[in-house]
Amino acid sequence: MRKLQTLVAAAVAATLLAGCGGGTATPAASGEASSSPAGGSGETLVVYTNSNGEGRGEWWTKKAAEAGFKIEIVGAGGADATNKLIAEKNNPIADVAFGLNNMYFSQVKAEDALEPYEPAWAGEVDKELGDGETYWPLVKQAILLGYNSDKVSKDAAPQDWTDLWAKDEFKARYERVTGLGTATAQLVFAGILSRYRDDAGDLGISDEGWKQVEQYFQNGSPAVAKTDLFARIASGEVDMGQMPSSIIAEREKSFGVNVETVIPSVGVPLAVEQIALVKGTEKKEQAQKFIDWFGSAKVQGEFAKQFNSMPVNKSAESEANPEVVAFFADLKQQDIDWEFVQQNMGAWVEKIELEYMT
Amino acid sequence: MTGGTPARSMARSPFVLIVGVVLTWFIAAFLVWPNVNVLIATFFPDGNFSGRAAEKLLSSQRAMKALGNSFLLAVALSVTVNLVGIFIVLVTHYFRIRGSRILFLGYASTFIYGGIVLAAGYKFIYGDKGIVTSLLVKVFPAMDPGWFSGFFAVLVVMTFATTTNHMLFVANALKGIDYQTVEAAKNLGASTWTILRRIVLPMLKPTLFAVTILSFLTGLGALSAPQVLGGRDFQTITPMILTFTNSPTSRDLAALLAVILGVATILMLAVMSRLEKGGTYFSVSKVSSALQKQDVTNPAANIAVHAVAYLLFAVYTLPVVLIVLYSFADGAAIQTGHLTPGSLTLDNYVRVLTQQSGLRPFVVSVVYSALAAVIAVGGLLFVARLLQKYKNWVANVFEYLLHIPWILPSALLALGLIISYDHPNPLVGGAVLTGTTVILLIAFVTVKIPFTLRMLKASFASVNSSLEEAAAIMGAKTLYVFRRILLPLVLPAAAAIAALNFNSLLDDYDTAIFLAHPLVQPLGLVIKANTDGAEGVQGVANTFVYTVLLMIITGVTMYLVYGRTRRQGSTKKGPGGIPPAAPVAGTAHAGVPTSGEDTAQPAVTVR
């Protein structure tokens with residue numbers, strides 16, 4: 001009995017010590033310990049992203065290793081990654097962040113957590129899509145209203161978001177969100193609310209604008225947790241809903257449905273994924289080299305080919321899927337004042353969650 | 001019992017002093033300071049108090065309704081979980097029922113899984129395209145296929161999902177009942193029902209009270225079942241808290257809502273503690289004997305009990321079977337509910353297990369969870385013992401302070417740790433904790449403190465104090481008594497608690513996302529990366545695979561720790577005549593109110 005107890009005590013002590021021992025390792029130290037001389041270039045870069053799902057993170061890690069960069073990707077949702085970058089600004093852990101859209105990066109920038117850097121490929125992209133100073137555009141994504149084209153003909157389809165609740169035939173046939181936590185949902189509302197800008201209105205939006213939001217929630221079919229919109233379209237529960245352009249082709253195939261998208265006369269909101277250098281990184285030089293490599297035409301072209309995305313880098317377009325390029329070439333971009341949106345989005349989300357979601 | 005020891009006398013024992021100093025430091029450094037920091041940053045954004053949050057919430061119909069729903073669910077669950085829980089405990093441990101071991105395995109399935117997948121599992125069966133619904137619609141064509149939704153559905157699913165505590169701890173307490181009291185009552189002509197009502201259930205009261213608190217907490221923190229099954233009319237407050245936690249400008253609303261739920265939990269705790277006081281819940285006979293299984297004497301009642309027991313068995317096991325089955329199907333089949341035998345392949349498992357990261361995240365999570373579980377239980381063994389022995393205002397203050405992690409959502413706890421320890425801080429010897437591997441361990445230990453403390457305290461309370469007194473009279477020192485008398489008696493309960501802690505930390509996302517070391521990422525982050533993707537096709541399939549893999553790990557843990565201690569407990573010859581009662585309460589899934597019954601699925605998924 002006594003022996004057993006000594007053993008248990010020793011085990012507890014050992015685990016406690018192990019815990020404390022682990023604590024003394026700083027990221028730099030353990031980074032050094034575990035980094036092999038991959039491609040002969042020093043330390044591991046810590047990269048935050050919300051764009052690591054569906055094999056993208058692994059693809060980037062592999063490609064980076066081939067180019068001589070050892071990276072460790074830390075994946076998190078857009079809001080989580082943003083909050084994490086802001087919370088860590090006094091003692092940053094990340095060296096580079098990518099994948100967040102302009103709305104998220106402008107929040108991080110406002111908290112002074114980004115380091116200005118002009119990448120080598122800055123001349124190959126449209127500066128307007130980023131801030132031209134700290135974060136730089138990589139990939140374009142259109143936020144679309146899509147409908148089941150097997151069921152709804154082009155003539156009978158809605159022409160704009162507002163038709164969904166204005167016309168009886170679409171009521172309860174479109175999926176509406178049940179939370180505004182996702183970037184896609186926020187961009188849909190940025191697109192709708194921007195049209196009703198009124199500095200005298202509540203939170204910069206006219207009463208008419210808020211009425212649209214109310215109607216959107218009253219007439220839509222609420223999204224179902226863990227059931228994709230395409231699954232609901234396939235089963236006939238709904239016929240239309242919001243979707244980012246990059247997922248459409250793959251989901252159509254998986255669920256055996258055909259989807260067409262609506263291009264309203266005001267255009268569609270574009271989400272642009274960006275890359276930025278984190279302020280206070282101790283591996284600045286290497287991080288800058290990594291950004292130069294990451295956004296280069298060759299690498300972005302390969303990524304576009306692999307993941308069917310639309311690169312911002314003009315020289316990478318030739319590598320991308322021609323259908324995707326053609327789609328974006330015809331696409332009318334909605335003119336949105338991002339500064340106005342970024343300043344108000346938090347308050348909008350709050351108001352919508354509290355007052356309009358039912 | 002050494003009740004009501006004055007605070008001053010505590011200072012005379014060196015044992016108390018050492019534990020007290022360590023505890024004070026820990027509470028100050030990791031429970032009070034970080035959370036005060038985050039609450040100040042939240043409620044005093046520019047140095048001035050802002051009462052905006054309360055105003056906004058009060059004027060929001062949706063928030064008030066969701067809050068009301070959460071409370072309704074909490075109260076209803078406190079009743080229904082007890083009803084079902086007591087029934088399954090009696091069926092498996094008290095009455096002589098054919099096949100009770102098999103029944104036990106079925107009812108025990110809730111030990112190993114929960115969250116969004118459990119809710120999805122029930123939906124496969126009773127949802128509008130579910131198996132049972134399809135059958136029923138064939139028989140009754142007029143039936144509404146969407147019958148299984150709203151408050152009713154959520155309550156049913158959560159009731160069956162959260163009987164874990166009953167199976168572990170009420171069953172344990174039942175085994176400790178002195179059979180002589182039951183026999184005596186029988187000899188006096190008491191009926192089965194009278195014995196149950198007047199002898200058995202009263203002895204279980206402390207455990208039932210504690211389990212009720214945890215059911216209440218689970219109801220308040222309900223997240224995934226309402227999301228999947230609640231429909232338009234029954235949504236709860238947790239998704240809103242999670243959304244607002246993630247938005248810096250609305251974080252005060254999240255904190256206020258979380259504090260409201262936290263205060264309700266603490267009130268519930270106070271009420272239950274009061275109810276529990278003053279009763280004698282252990283056998284006072286000199287030689288107690290082990291419980292023997294009882295026959296249900298009335299033949300009609302016997303048939304009815306058997307029927308209900310097997311019906312519940314089906315209710316418990318069907319979702320597990322379907323989840324395992326669906327984990328082999330492709331994501332589209334899972335979401336549309338069309339399952340054909342030919343479509344079952346190993347592809348999902350191959351994809352998940354041959355990732356670049358491989359088994360590393362599993363190892364990281366197992367090590368972190370095991371360390372946290374052992375440290376929390378090991379440290380709190382001393383604390384719980386002292387809190388149970390010394391009942392005065394100092395002990396009370398400590399006890400309530402240790403419940404702080406129940407008040408705030410884990411994301412806020414994590415943010416508090418970051419803003420408090422991202423610079424050299426004298427509280428931790430001038431070290432910087434962010435970016436180290438230890439900060440996540442600290443967070444894991446702290447979130448498990450309230451639960452561990454509650455259960456350990458209850459298990460110490462069940463120890464017959466005369467043993468301790470006898471040892472002390474014979475000259476044993478405090479530590480010797482603790483080590484040789486008390487520890488062996490509470491060790492089985494402590495092991496079970498550690499196992500539950502371990503299981504619930506394995507797939508943590510909310511804490512890890514903010515605190516994990518970039519090179520030592522636990523499983524929760526990998527699961528999130530593989531299951532998110534705007535709920536795509538592979539994502540949903542991966543969710544099922546991870547659930548099954550976690551079921552295997554947690555199942556093995558429960559067997560190793562709980563199954564083995566149970567066996568040892570029944571064969572070991574302990575100090576004679578001690579009722580092995582351990583009225584301990586706990587839950588595998590209750591944690592911080594807002595992460596509640598579900599940690600695998602953060603509500604806010606952003607792409």
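Which residues does B:Ser215 touch, not counting residues up to four places away in sequence?

**View 1. Surroundings of B:Ser215 in the predicted model.** The residues that B:Ser215 touches, once those up to four places away in sequence are left out, are B:Leu77, B:Ser78 and B:Val81. B:Ser215 itself lies in helix H11 of chain B, which covers residues 192–220. With a relative accessible area of 3%, B:Ser215 counts as buried, because this value falls under the 20% cut-off.

**View 2. The interface between chain A and chain B.** On the side of chain A, 74 residues are in contact with chain B, where 71 residues take part. The two chains bury between them an area of about 5800 Å², and carbon and sulfur atoms account for 54% of this area. Within the part that chain A buries against chain B, A:Lys226, A:Glu350 and A:Leu354 supply 15%, which is more than any other three residues.

**View 3. Salt bridges and polar contacts between chain A and chain B.** Two salt bridges are counted between the chains; one salt bridge between chain A and chain B joins B:Arg62 to A:Glu353, with the closest N and O atoms 3.0 Å apart. The count of residue pairs in polar contact between chain A and chain B, with both residues at pLDDT 80 or more, is 12. Helix H1 of chain A (residues 2–23) gives the largest share of the side of chain A that touches chain B, namely eight residues. By class, that side of chain A is made up of 25 nonpolar, 33 polar and 16 charged residues.

Conventions: Residues numbered from 1 in each chain as written. Chains lettered and ligands numbered in written order. Predicted model: local features only at pLDDT ≥ 70, side-chain atom pairs only at ≥ 80, totals over all residues. Heavy atoms only, no water. Contact = heavy atoms within 4.5 Å. Buried area = accessible area lost by both parts, 1.4 Å probe. Salt bridge = Lys/Arg side-chain N within 4 Å of Asp/Glu carboxyl O. Polar contact = N/O pair within 3.5 Å; in protein donor to acceptor, adjacent residues only side chain to side chain. Helix = DSSP H or I, 4+ residues; strand = E, 2+ residues; numbered from the N terminus. Nonpolar A, V, L, I, M, F, W, Y, C, P; charged D, E, K, R; others polar. Buried < 20%, exposed > 50% of the residue type's maximum accessible area, 1.4 Å probe, protein only.
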